[in-house]
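Work through the exercises below with the sequence and the structure in view, and compare each of your results with the solution that follows it.

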Amino acid sequence: MNMHITADDGHTFDAYAVAPAGNNRRPAVIVLQEIFGVNHEMRRITEKYAQLGYHAVCPDLFSRLKPNIELTDKTDEEWQQAFDYMNRFDVDRGIKDVQACITQVRKLPGCNGRVGAVGFCLGGKLAFLTATRTDIDASVGYYGVALETLLDERESITASLMLHFAELDGFSSRTAREQVFASLLTKPNVDLHLYHGVDHAFARQGGKNYKAQQAEIANERTAVFLDRALV
C-alpha cells in the first residue's frame, strides 16, 4: 500500500508502506532509496523489514523531480536517467522530507514511536545525514557516497549509526573511505564495517556486483543493530 507524506513546506509525496503481522505496537524502519527510485528492489527490502516485524516505509524522495520514478540497473539508458535524477536531487531538501516521513511514521497507530532508517547508495549518504540532521533513533547506510564531504557534521550524530563500506567501491575512493574511518572510528555510537573484495552495491540482489555472502553478513549485522536500538 501507499501512504501519503506531507512535508514541512506543504509538498505531498507517496511512500510504499508495509505493516508487520500481529497487533502489537512495533518500531518502524524507513528505507532510503538508491538512485533508481522506489523500484522493485526497494519494495523488496521494504517488505523484508515488515517480515522482520517493523512498520516498513520507503518514501519517494525523487517526487519533487518526478513522482513514481522506477528504474533498474540493467541498461545504459536507465543509468543515465538515474544519474540525471541524482545530480538534480536537492539533498538538503530531501533530508527535510525524510524528517517529515519520520514524524508521520511515528504517529502510525501500530508504531511504538521508535524509528530507524536503512539507506543504500544515495540512500547511504542520506542515512548518514539522517543521523546528523533528524530525530531518527538509529540509522544504517550501505556504501554511502561522498561521506567524506560531510564529516564536519560528525558532532551532530546523536542517533546510533552503522555504516557498511565496500573495499573496491567504484564510486568512493580508498582515500575517501580512510577519511571517514579516521573521523568516525572513535565515535561511541558509530559502527563501521568494511567488506573486502566487493564493489559498490554488493547487497543489491540481482545486480552485477551482488555478493550473497557479504550481503548476508551486512544484513545480519543491520538486523541485530536495529533490534538492539529500536525494540
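**Exercise 1.** Determine whether Phe62 is buried or exposed, and then describe its pairing with Tyr85.

Solution. Phe62 has a relative accessible area of 0% and is therefore buried, where buried means under 20% relative accessible area and exposed over 50%, with partly exposed in between (1.4 Å probe, protein chains only). Tyr85, at 12% relative accessibility, counts as buried. This is a predicted model, in which local features need pLDDT of at least 70 and side-chain atom pairs count only at pLDDT 80 or more, while totals for chains, interfaces and linings use all residues. Residues are numbered from 1 along each chain as its sequence is written, and side-chain values use heavy atoms, leaving out hydrogens and water.

The structure holds 11 aromatic pairs, counted when the ring centres of Phe, Tyr or Trp (its six-membered ring) lie within 6.5 Å, with planes under 30 degrees apart called stacked, over 60 edge-to-face and the rest tilted. Phe62 and Tyr85 form a tilted pair, 6.0 Å centre to centre with 40° between the planes. Because Phe62 lies in the loop between β4 (55-59) and α2 (76-88) and Tyr85 in helix α2, the pair ties together parts 23 residues apart in sequence; helices (H or I, at least four residues) and strands (E, at least two) are DSSP runs, numbered from the N terminus.

**Exercise 2.** Describe how the rings of Tyr143 and Phe202 are arranged.

Solution. Tyr143 and Phe202 form an edge-to-face pair, with 5.4 Å centre to centre and 70° between the planes. Tyr143 lies in the loop between β6 (138-142) and β7 (160-166), and Phe202 in the loop between β8 (190-195) and α6 (212-230), 59 residues apart. Both Tyr143 and Phe202 are buried, and ring pairs link them with Phe120, Tyr142 and Tyr195 into a cluster.
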